[in-house]
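Work through the exercises below with the sequence and the model at hand. Each task is followed by its solution.

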Amino acid sequence: MPTHVAVIMDGNGRWAQQRGLPRHEGHRAGATAVRETVYGALEIGLRHLTLYALSTENWKRDADEIHAILDLLHSEVSADPFQDLDVRLRWHGGADRLPTDLVDLLRLRERTTRTRTALTLTMCINYGGRDEITRTAAALARSTARGQLDPDLISEKDFAQHLPHPDMPDVDLLWRTGNEQRTSNFLPWHATYAELYFTPNLWPDTDRRDLWQAVTEYSRRQRRHGATPHQPERASRADGDPRDG
Ligand code: IPE
Ligand code: IPE
Ligand code: MG
């Protein structure tokens, strides 16, 4: 069972186009699929679900489409469909360019759901992986300028502690719908060893069974993290490391 599943919810526009509808109808149908997926995640006891809702590159789209997406995000977060469930909501992304009322609402939900523990649902809104890395580098630079860190000794752990969400675990399964095989600037730090899973279905056609299918596929994968297959845990020194003689 993965701890952290991250999803690139792609295909809303094509779903609408296939039905002769405007693209924003695809995004609206996509919001229903989000609810479905969250219910499915709770049912199987998933701890972390991270959803890519708006990228830093999506601002290249028509203003009408962007406004429709932002309005939809506002109304979904405002409707609070998971209020009676043990779901902690977090927002990952930059506040720049987002409407202040949406930012305020996201921060309010983060505060009010802070003590919930079953599922952490992270919505990536105005999120870009390079933006995240750049902001982390700036935070590291501030720490070194204050003399809190020695630049010659900066470790991966130091970097991870300066990420905008230092407690976000690595992604175990990175799933993208919509028949494209790319990661589109999503979670480059956390997904370095993620299992990749690409499916042809368009996001609005997705329901909880697709999440379960994704998790089943994950359970069949063999993860090595650079080690050789089936390498036993190296005996601890207390258990008698052979090098101790
Ligand atoms: C994903 O669906 C949602 C967002 C990027 C906001 P798309 O809108 O990219 O749908 P397609 O890829 O054009 O079908
Ligand atoms: C990735 O989808 C972003 C989101 C799902 C929010 P895109 O549709 O924007 O990605 P590209 O442009 O096909 O790479
Ligand atoms: Mg797309």
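**Exercise 1.** State the order of helices and strands along the chain.

Solution. Read from the N terminus, the pattern is β-α-α-β-α-β-α-β-α-α-β-β-α. The chain has 7 helices and 6 strands, taken as DSSP runs (helices H or I, at least four residues; strands E, at least two). The model is predicted: local features need pLDDT of at least 70 and side-chain atom pairs pLDDT 80 or more, while totals for chains, interfaces and linings use all residues. Residues are numbered from 1 along each chain, ligands are numbered from 1 in the order written, and side-chain values use heavy atoms without hydrogens and water.

**Exercise 2.** Describe the chain by its extent, burial and contacts.

Solution. Begin with the C-alpha trace, which spans about 75 × 45 × 35 Å along its principal axes. Next, of the 245 residues, 44% are buried, that is, under 20% relative accessible area with a 1.4 Å probe, protein chains only. Finally, take contacts (heavy atoms within 4.5 Å): of those with a separation of 6 or more, 75% join residues 24 or more positions apart.

**Exercise 3.** Identify the surroundings of ligand 2 and its polar partners.

Solution. Residues near ligand 2 (a heavy atom within 4 Å) include Asp-10, Tyr-52, Asn-58 and Ser-184. For polar contacts (N or O pairs within 3.5 Å), a side-chain atom of Arg-182 lies 2.8 Å from a ligand 2 oxygen. The side chain of Arg-61 has an N or O atom 3.3 Å from a ligand 2 oxygen, and for Arg-176 the distance is 3.3 Å. The protein covers 78% of the 390 Å² accessible area that ligand 2 has on its own (Shrake-Rupley method, 1.4 Å probe).

Definitions and conventions
Buried means under 20% relative accessible area, exposed over 50%, partly exposed in between (1.4 Å probe, protein chains only). A polar contact is a pair of N or O atoms within 3.5 Å; within protein, one must be able to donate a hydrogen and the other to accept it, and residues adjacent in sequence count only if both atoms are side-chain atoms.
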